[in-house]
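I opened my notebook to look up a few things in this structure. My plan was charged pairs, then rings, then one sheet.

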Amino acid sequence: AFVTISAGPVNISNITVDGSGANVVENWLIGILYLDGSSGTVKEATLRHFSCSSCDFGSVGVWAEGSSSANAVTIENSSFHDIDNSSVVGYGNNLLTVKGNTMEATYVQIQWLPGGGSITGNVMKGGQGGVVVESPGTISGNTISAMSSGLFYQPGALGGGLSVINNKI
């Protein structure tokens with residue numbers, strides 16, 4: 001990861017994280033990583049040019065993981081583009097809020113597995129999918145366009161409880 005947060009809350013704003021020229025041999029190339037036990041906000045950030053042909057899985061703009069809702073991460077009013085896997089990955093039982101962002105990754109814009117929270121008012125374009133979700137929570141007011149699949153819901157261990165309203169797909 002270019003930026004790693006291991007405690008919190010840590011708030012990041014008005015930053016550009018540019019992966020141009022990164023030469024990494026790892027499983028993932030990540031712009032901003034919130035580890036378990038951390039929390040915070042990414043606001044008005046630009047994450048761009050993350051491509052990792054030598055990585056096993058590719059690259060991610062922001063990865064937030066956590067074992068409880070105390071690991072709350074908010075990503076708002078930010079821009080993601082030229083990322084070869086996903087703009088945002090939420091992993092674990094953390095509370096993830098993604099709102100007001102523009103996203104243009106190659107694979108999936110948001111992978112939300114399996115915490116909770118909300119995905120609201122984002123503009124997602126291109127790639128293979130808009131949102132892959134296994135979480136209870138709310139997906140509302142998003143515009144998802146020019147991709148193979150807009151929303152893929154697969155209830156995980158936490159079961160149902162997903163509300164999807166007023167999106168344009």
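These entries record what I looked up, in order.

**Entry 1: the model**

I noted at the start that this is a predicted model.

**Entry 2: salt bridges**

How many salt bridges does a search of the whole structure find? I found two.

I took Asp-18 and Arg-48 to begin with. They form a salt bridge, and their closest N and O atoms are 2.8 Å apart. I then checked where the partners sit. Asp-18 belongs to strand S3, residues 16-18. Arg-48 belongs to strand S6, residues 46-50. The two residues are 30 apart, so I wrote that this pair links distant parts of the chain.

Is Asp-18 buried or exposed? I got neither: Asp-18 has 28% relative accessibility and counts as partly exposed. Arg-48 also came out as partly exposed, with a relative accessible area of 28%. I checked the cut-offs: buried means under 20% and exposed means over 50%. The value of 28% lies in between, so Asp-18 is partly exposed.

Next I looked up Glu-76 and Lys-99. Their side chains meet in a salt bridge at 3.8 Å, N to O. The cut-off is 4 Å, so this pair counts. Glu-76 lies in strand S8 (residues 72-76). Lys-99 lies in strand S10 (residues 86-99). They are 23 residues apart in sequence, so the pair ties together those parts.

I checked accessibility here too. Glu-76 is buried, with a relative accessible area of 16%. Lys-99 is partly exposed, at 36%.

I added a general remark: side chains of opposite charge can pair when their charged atoms come close.

**Entry 3: aromatic pairs**

How many aromatic pairs does the structure hold? I counted three. I wrote up two of them, starting with Trp-28 and Trp-63. Their rings are 5.1 Å apart, centre to centre. The planes stand at 65 degrees, and the pair is edge-to-face. Trp-28 is in strand S4 (residues 28-34) and Trp-63 is in strand S7 (residues 58-66). The two are 35 residues apart, and the pair links distant parts of the chain.

Trp-28 counts as partly exposed, at 25% relative accessibility. Trp-63 is buried, with a relative accessible area of 11%.

Trp-63 also pairs with Tyr-91. Those ring centres are 6.3 Å apart. The planes meet at 50 degrees, so I noted the pair as tilted. Trp-63 lies in S7 and Tyr-91 in S10, so parts 28 residues apart in sequence are tied together. Tyr-91 is partly exposed, at 46%.

Which residues do the ring pairs link into a cluster? I listed Trp-28, Trp-63 and Tyr-91.

**Entry 4: the sheet**

I then went back to S3 and S6. Both belong to an open sheet of six strands with parallel pairing. I copied its order as S3-S6-S9-S11-S13-S16. Which are the edge strands? They are S3 and S16 (143-145), and each pairs on one side only. Neighbouring strands of this sheet are turned by 5 degrees against each other on average, direction ignored.

S3 and S6 pair in the parallel sense over three bridges. I looked for my salt-bridge partners there. Asp-18 stands opposite Arg-48 in S6.

Terms used
Residues are numbered from 1 along each chain as its sequence is written. This is a predicted model: local features need pLDDT of at least 70, side-chain atom pairs count only at pLDDT 80 or more; totals for chains, interfaces and linings use all residues. Side-chain values use heavy atoms; hydrogens and water are left out. Buried means under 20% relative accessible area, exposed over 50%, partly exposed in between (1.4 Å probe, protein chains only). Rings of Phe, Tyr and Trp (its six-membered ring) pair if their centres lie within 6.5 Å; planes under 30 degrees apart count as stacked, over 60 as edge-to-face and the rest as tilted. Two strands pair if DSSP finds at least two bridges between them. Axes are lines fitted to C-alpha atoms, for helices over the stretch in contact, and angles run from 0 to 180 degrees between N-to-C directions.
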